[in-house]
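Trainee: I am new to this structure and would like a close look at a single part of it, followed by how that part sits among the rest. Please take your time over the answer.

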Protein chains: 2
Amino acid sequence: MALVVQKYGGSSLESADRIKRVAERIVETRKAGNDVVVVCSAMGDTTDELLDLAKQVNPAPPERELDMLLTAGERISNALVAMAVESLGVEAQSFTGSQAGMITTSAHQNARIVDVTPGRIQEALAEGQVALVAGFQGVSQDTKDITTLGRGGSDTTAVAVAAAMNADVCEIYTDVDGVYTADPRIVPDAKHLEHITYEEMLEMAATGAKVLHLRAVEYARRYGVPLHVRSSYSPKPGTTVSGSVEDLSVEQAMITGVSHDRSEAKVTVRGVPDNPGVAGRIFRVVADAEIDIDMVLQNVSGTASGKTDITFTVARSNGAVAVAELEKISAEVGFEEVVYDDQVGKVSLVGAGMRSHPGVTATFCEALFNAGVNIDIINTSEIRISVLIQDTQLDTAVRALHEAFELGGDEEAVVYAGSGR
Amino acid sequence: MALVVQKYGGSSLESADRIKRVAERIVETRKAGNDVVVVCSAMGDTTDELLDLAKQVNPAPPERELDMLLTAGERISNALVAMAVESLGVEAQSFTGSQAGMITTSAHQNARIVDVTPGRIQEALAEGQVALVAGFQGVSQDTKDITTLGRGGSDTTAVAVAAAMNADVCEIYTDVDGVYTADPRIVPDAKHLEHITYEEMLEMAATGAKVLHLRAVEYARRYGVPLHVRSSYSPKPGTTVSGSVEDLSVEQAMITGVSHDRSEAKVTVRGVPDNPGVAGRIFRVVADAEIDIDMVLQNVSGTASGKTDITFTVARSNGAVAVAELEKISAEVGFEEVVYDDQVGKVSLVGAGMRSHPGVTATFCEALFNAGVNIDIINTSEIRISVLIQDTQLDTAVRALHEAFELGGDEEAVVYAGSGR
């Protein structure tokens with residue numbers, strides 16, 4: 001008998017009707033002979049609505065109270081799903097994060113899972129029940145307060161439960177039927193992927209693919225939990241996320257897909273005096289504002305003018321703060337100006353295949369050149385190439401790369417063997 | 001420094017704006033130098049909406065899950081009020097029923113408070129904070145499950161907390177500014193009562209006055225908690241509920257008010273064989289269906305026919321079930337028929353004064369007679385006279401009694417001294 005963990009997101013649970021459909025799927029899985037644990041997010045837009053209500057009564061809501069408030073959403077959805085399962089003749093019980101043994105740090109709205117002690121879940125399963133576990137939350141050992149886990153919290157809850165209980169699979173139900181070689185809305189002949197390795201999925205998620213949260217994929221990778229991303233609206237198999245690029249043979253390693261990201265902005269600090277420590281000062285000031293920096297471009301120093309430009313990207317939502325923090329050290333550092341450009345986009349090619357096949361970077365750049373797309377910044381890892389370009393050229397770039405690497409249609413993706421990488 | 005417990009109901013909390021008004025009142029009470037504990041119901045119609053959602057996914061929702069679901073409502077409102085109080089510069093913390101130490105029986109949707117161990121509330125107060133406590137809920141010692149308290153649950157929570165913590169007063173905030181000598185919508189010159197004893201309030205609440213729940217008043221009476229029923233929309237003082245009729249002198253004891261109730265129905269079992277045990281059988285069958293019987297009229301037995309009629313009242317919502325249960329024993333008991341009449345109403349006169357002043361019953365009946373109101377059943381206690389009449393005559397009856405006992409306008413209520421009761 002297998003242990004299956006299923007996670008359903010807000011849109012899969014947004015009405016009584018959707019909840020009943022979800023309950024049918026849960027019961028089907030249970031009646032096939034599996035033990036079933038289900039993690040539910042809050043219904044529909046509940047979390048955002050509660051957050052909005054909170055800000056109406058206090059523009060800076062105290063964090064302990066905010067977590068007391070937000071966790072009500074998951075309490076509601078999990079109780080309703082348990083009721084719906086029971087109405088189909090299968091016993092079910094819902095548990096809060098605390099009752100399910102999700103132990104976290106005490107950082108409200110951004111807690112990390114520290115341990116999972118699923119005793120009550122195991123008791124419920126032993127009684128033949130389906131166990132519902134509230135996603136996105138846990139309890140802090142230090143303060144005994146309820147905490148919420150931040151972005152990707154429900155996916156992470158599901159993976160953490162699956163890891164702690166040695167589940168055979170963690171099924172993530174969403175509104176798309178898995179991972180594609182590119183966004184099908186941009187590339188009509190994008191292919192559905194049956195399988196993708198953890199590292200490739202991490203790169204896809206980190207560079208714009210929204211189907212799974214980075215954090216949940218990393219947790220799954222670390223504990224070896226097989227993920228199955230699929231649609232809650234259809235019975236079609238989705239995409240399995242499992243295995244490491246290390247375990248792929250040269251023949252198996254492919255170019256997997258193209259991701260894109262419209263959420264970044266470019267910050268250029270112009271005319272930076274070319275002194276030691278100056279770059280560090282600039283990056284430290286941004287980091288102290290709790291802003292992550294993604295791509296970096298620093299012009300070669302030693303020019304006649306003794307000045308250089310430093311360019312980097314941040315999330316667009318952090319752009320204004322980053323610029324403001326830099327302006328504050330303008331006199332101290334002595335740079336000329338800070339330029340902000342939010343009309344940028346990032347496109348990335350991901351695939352284990354680029355480790356062992358030369359020429360991928362060349363094909364990549366040629367494809368963009370031929371499509372009239374200019375590259376601003378380039379950034380690579382072992383299995384990924386990313387470039388920052390003008391946001392208006394993103395769709396063109398995605399299609400050009402997808403075509404150049406033959407990712408579409410009936411053909412398997414073939415890596416172009418050619419000149420050295 | 002006084003300890004004040006305040007309770008706010010759903011309509012006082014139905015929007016972010018109302019919540020901010022409530023927070024202002026809480027802060028005002030705190031800044032006056034009091035320790036403040038606040039009990040909040042769920043916002044607006046949240047409880048009914050959650051119940052409705054539950055029934056959409058399962059027409060017979062399992063009770064443990066229903067309590068998991070319903071308690072989310074109070075979690076939300078108390079966290080929001082705590083946030084609103086904090087935004088006004090006063091520290092506040094919200095607690096679930098469990099965190100606040102409300103220990104209950106394990107009867108879901110109808111739990112009784114067994115004990116209150118308010119340790120965390122006291123700690124919060126000691127830190128100078130306002131403590132928010134979720135109403136309508138507690139935790140069962142036996143099952144460790146969350147329970148809800150049934151009708152009047154939030155009022156009862158507030159009184160229970162006030163009793164356990166020896167509060168100086170328990171303020172119940174509602175949408176009317178206290179108790180009146182009659183419903184002001186029926187009797188325009190109904191007078192606002194400054195004070196009423198526990199027993200008189202119990203009688204008023206039991207016979208139709210909706211301003212306070214019977215259960216909360218009884219709890220307050222038993223533990224001597226002074227109640228103050230007032231409006232959350234205005235600063236006017238409300239009605240204080242305290243003291244016993246036993247402690248009133250003959251001069252102090254008055255006729256206090258007139259209540260009315262449109263929620264009952266009359267059931268008549270006709271042609272009942274006049275045998276011993278038959279009345280008991282009829283009442284037992286109704287009781288076994290968990291239906292309370294209010295007024296009873298049994299005709300004198302020993303008539304020539306050897307048959308009699310038994311008439312009683314029940315809540316209209318239970319009428320159909322009561323009739324159905326009686327039909328089932330028709331053959332066994334041998335009565336002729338069951339007649340159901342839901343076009344009845346009950347009007348009651350309440351007042352400590354009737355204990356010591358003769359003639360009240362006479363004045364009562366004369367007033368109704370003069371107003372053309374026919375009495376169907378009459379039922380009394382030491383401080384109350386109730387009659388069942390046609391529902392179309394209710395308003396007339398209320399006004400007639402209010403007038404006859406001079407309860408309106410500027411005059412104090414005067415008991416009519418006259419012939420013996």
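In what order do the 8 strands of the open sheet in chain B run, and what is the sense of their pairing?

Mentor: Before anything else, please keep in mind that this is a predicted model. In chain B, the 8 strands of the open sheet follow the order E3-E6-E2-E1-E9-E11-E12-E10, and their pairing is mixed. The edges of this sheet are formed by strand E3 (92-95) and strand E10 (195-196) of chain B, each of which pairs on one side only. An example of parallel pairing is given by strand E2 (residues 35-40) and strand E6 (residues 130-134) of chain B, which are joined in that sense over 4 bridges. Within this pair, B:Cys40 stands opposite B:Ala134 of E6(B).

Chain A can be read in a similar way, for its open sheet is also described by 8 strands in the order E3-E6-E2-E1-E9-E11-E12-E10, with mixed pairing. Strand E3 (92-95) and strand E10 (195-196) of chain A stand at the edges with a single partner strand each, so one side of each is left without a neighbour in the sheet. Here an antiparallel example is found in strand E11 (residues 227-231) and strand E12 (residues 239-241) of chain A, which pair over 3 bridges. In that pairing, A:Val229 has A:Thr239 in E12(A) as its bridge partner.

Turning from the sheets to a helix of chain A, helix H6 (residues 198-206) is mostly covered, since 8 of its 9 residues are buried. Among these buried residues are A:Tyr198, A:Met201, A:Leu202 and A:Met204, and the three glutamates A:Glu199, A:Glu200 and A:Glu203 also belong to the list. After H6(A) comes A:Gly208, whose phi is positive, near 125°.

The next step is to see how the two chains are placed with respect to each other. Chain A can be laid on chain B with an RMSD of 0.1 Å by a turn of 180° and a shift of 0.1 Å along the axis. The two copies are therefore related as by a two-fold rotation axis. In chain A, the C-alpha nearest that axis belongs to A:Ala72, at 2.6 Å from it. The same surface serves both copies, in that 100% of the contact residues of chain A recur in chain B.

Where the chains meet, 37 residues of chain A are in contact with 37 residues of chain B. The area buried between the two chains is about 3,100 Å², and carbon and sulfur atoms give 65% of it. On the side of chain A, the residues that lose the most area to chain B are A:Val57, A:Arg75 and A:Met83, together 24% of what that side buries. Between the chains the count is 2 salt bridges, and the side chains of B:Arg120 and A:Asp145 meet in a salt bridge at 3.9 Å, N to O.

Two residues of chain A show contacts that reach into chain B. A:Thr71, which lies in helix H3 (residues 63-87) of chain A, is buried with a relative accessible area of 2%. Leaving aside neighbours within four places in sequence, A:Thr71 is in contact with A:Gln137, A:Ile146, A:Thr147, A:Thr148 and B:Arg75. The largest nonpolar core has 68 residues, and A:Leu80 and B:Leu80 are those with the most contacts inside it. Not counting residues up to four places away in sequence, A:Leu80 touches A:Ile19 and A:Met43, as well as B:Leu53, B:Ala54, B:Val57 and B:Leu69.

Methods
Residues are numbered from 1 along each chain as its sequence is written. Chains are lettered from A and ligands numbered from 1 in the order in which they are written. This is a predicted model: local features need pLDDT of at least 70, side-chain atom pairs count only at pLDDT 80 or more; totals for chains, interfaces and linings use all residues. Side-chain values use heavy atoms; hydrogens and water are left out. Copies are superposed by least squares on the C-alpha atoms of residues with pLDDT of at least 70 in both. Contact means heavy atoms within 4.5 Å. Buried means under 20% relative accessible area, exposed over 50%, partly exposed in between (1.4 Å probe, protein chains only). A nonpolar core is a set of buried Ala, Val, Leu, Ile, Met, Phe, Trp, Tyr and Cys residues joined through side-chain atoms within 4.5 Å. Two strands pair if DSSP finds at least two bridges between them. Buried area is the accessible area (1.4 Å probe) that two parts lose on being put together, summed over both. A salt bridge is a side-chain nitrogen of Lys or Arg within 4 Å of a carboxyl oxygen of Asp or Glu.
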